[in-house]
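Please look through the sequence and the model shown here before reading on. The paragraphs after it are meant to be read with the structure open.

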Amino acid sequence: MNNLAVNADRLWSDLMETAQIGGTQKGGIRRLTLSDEDRQVRDWFRAQCETLGCTVEVDEVGNMFATRPGRRGDLPPIAMGSHLDTQPTGGKFDGVLGVLAGLECLRTLHDAAYQTNAPLMLVNWTNEEGSRFAPAMLGSGVHAGVFDPAFADTREDSEHNTFGSALDSIGYRGPLKAGSLSIGAMFELHIEQGPILEAEGDTIGIVKGVQGMRWYDVEITGRESHAGSTPMHLRRDALTSSAEFICAIDRIAREMKDAVATVGTIATHPNSRNVIPGRTVLSIDLRHPDKGSLDSIEAQLDAALADIARAHGVTATMVRIWDSPPVPFAETCLQSIRQAARQCGYRSREMISGAGHDAAYIARVAPTAMIFVPCAGGLSHNEEEDASFEDCKAGAQVLLQAVLDYDRR
Ligand code: HGY
Ligand code: MN
Ligand code: MN
Ligand code: MN
């Protein structure tokens, strides 16, 4: 048993300092992946890690790996990490808490001149959010061999900038071959981004896995025509059809226990108030803990779209562009988190993650698990996202003790 304790004031000060990089009027953060704000926080992160004597390596999709040597260089490193990019209207804690809590753990060990057996590694994964460049978790997905670096390079944002050109423009295409650094285990601390811990009065979530996630692009094509002279029964209105489909998506998801479905983006063409829309594109984010249920919902969506297209005389396509299956986390890592939560004396509960995380992909190449702490009202992906000083301190302390417990096993 060690008496190591994180310095929560230092962690909180880092959180508030980095929140200024891309800080918004409403107190949130806009730090889109591979933007200049992302470059600034990456530079800050690298400088902090190098000050601690870590070596910082960057791979070919910008994933950053800071390594602290252990007694036994032959052992694969135990990693902590998450992401520094945010949603366009992101909050101060999503992703960044996991990276800065890992930094605080390294500082605590450094201050105590405590040497672990295995090396430790702190990772900033590129493009976890997937908001600017789809799909989400792209950097960790490339590391885990799910996506090819060349695929990542071609991804385009809404202004048709490619991932590759944006990565080069901020100078973070590193020399390291993706996936070449081995990871012995990974622990990701994250805010829950949901209401359970707060509602149940628990401080620590022991996260056993991540639910399945699928993204679709839907395109509905009708016929542009005059808003004034086209009778209702002769229209082939792409936007009305989309509206009906969106209501069908919502109904189908509500009918399947534990399913969630979101239409987060929609665009219509020509987007003129007196032209009947001829083309609409929209996105679907569908999630469920069970693959069979995802398949069933997908089939229902396909059928509903075909019925709506027939009824409105439009054509419609729904293409799955991303499929991240449900992921169970490693029992060995969960044991260390359980032990750490007990040792630190925090109330904890076992749970599944509703949100996607880099840990979902890293679990494919290394024993991995996550630690959650509450966020106010369960709100996230919102500029009002908030977490308490005490809960961030608890999460960082459990992260530290879980890593040390794993290191001793
Ligand atoms: O979409 C997600 O679940 C993650 O927060 N990017
Ligand atoms: Mn996140
Ligand atoms: Mn997020
Ligand atoms: Mn995440």
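What follows is a walk through a predicted model, going from a metal site to a strand and then to aromatic contacts.

Begin at the manganese ion (ligand 3), whose protein donors are D94 through OD, E129 through two OE entries, and H381 through NE2, at 2.2 to 2.5 Å from the ion. Read along the chain, these donors follow the spacing D-x34-E-x251-H. The site therefore draws on distant parts of the chain, since D94 sits in the loop between strand 3 (78-82) and helix 3 (96-111), while H381 sits in the loop between strand 16 (368-373) and helix 12 (389-408), 287 residues apart. D94 also bridges this ion and the manganese ion (ligand 2), the two ions lying 3.4 Å apart. With a relative accessible area of 6%, D94 is buried, whereas H381, at 39%, is partly exposed.

Turn next to strand 12 (residues 279-288), where eight of the ten residues are buried, so that the strand is largely enclosed by the rest of the structure. Strand 7 (residues 212-221) pairs with strand 12 in the antiparallel sense over ten bridges, and within this pairing M213 has R287 as its bridge partner. Strand 9 (residues 260-262) also runs antiparallel to strand 12, joined to it by three bridges, and here V260 has R287 as its bridge partner. Strand 10 (residues 266-269) is a further antiparallel partner of strand 12, with four bridges, and H269 stands opposite R279.

How many aromatic pairs does a search of the whole structure find? The search finds eight. One of them joins F147 and Y361, whose ring centres are 5.7 Å apart and whose planes meet at 85°, and because an angle over 60 degrees counts as edge-to-face, the pair is assigned to that class. F147 lies in the loop between helix 4 (138-143) and helix 5 (149-154), and Y361 in helix 11 (residues 358-362), so this contact ties together parts that are 214 residues apart in sequence. Both rings belong to buried residues, F147 at 13% relative accessibility and Y361 at 1%.

W215 and W322 form another edge-to-face pair, 4.7 Å from centre to centre with 70° between the planes. W215 belongs to strand 7 and W322 to strand 13 (residues 315-324), 107 residues apart; W215 is buried at 14% relative accessible area, as is W322 at 4%.

Elsewhere, W12, F93 and F389 form one aromatic cluster, and R42 lies over the face of Y172, at 5.0 Å from the ring centre.

Methods: Residues numbered from 1 in each chain as written. Chains lettered and ligands numbered in written order. Predicted model: local features only at pLDDT ≥ 70, side-chain atom pairs only at ≥ 80, totals over all residues. Heavy atoms only, no water. Donors = N, O, S within 2.8 Å, 3.2 Å for Na, K, Ca; no water. Helix = DSSP H or I, 4+ residues; strand = E, 2+ residues; numbered from the N terminus. Buried < 20%, exposed > 50% of the residue type's maximum accessible area, 1.4 Å probe, protein only. Pairing = 2+ DSSP bridges. Phe/Tyr/Trp six-rings, centres within 6.5 Å; stacked < 30°, edge-to-face > 60°. Lys NZ or Arg CZ within 6 Å of the ring centre and 35° of its normal.
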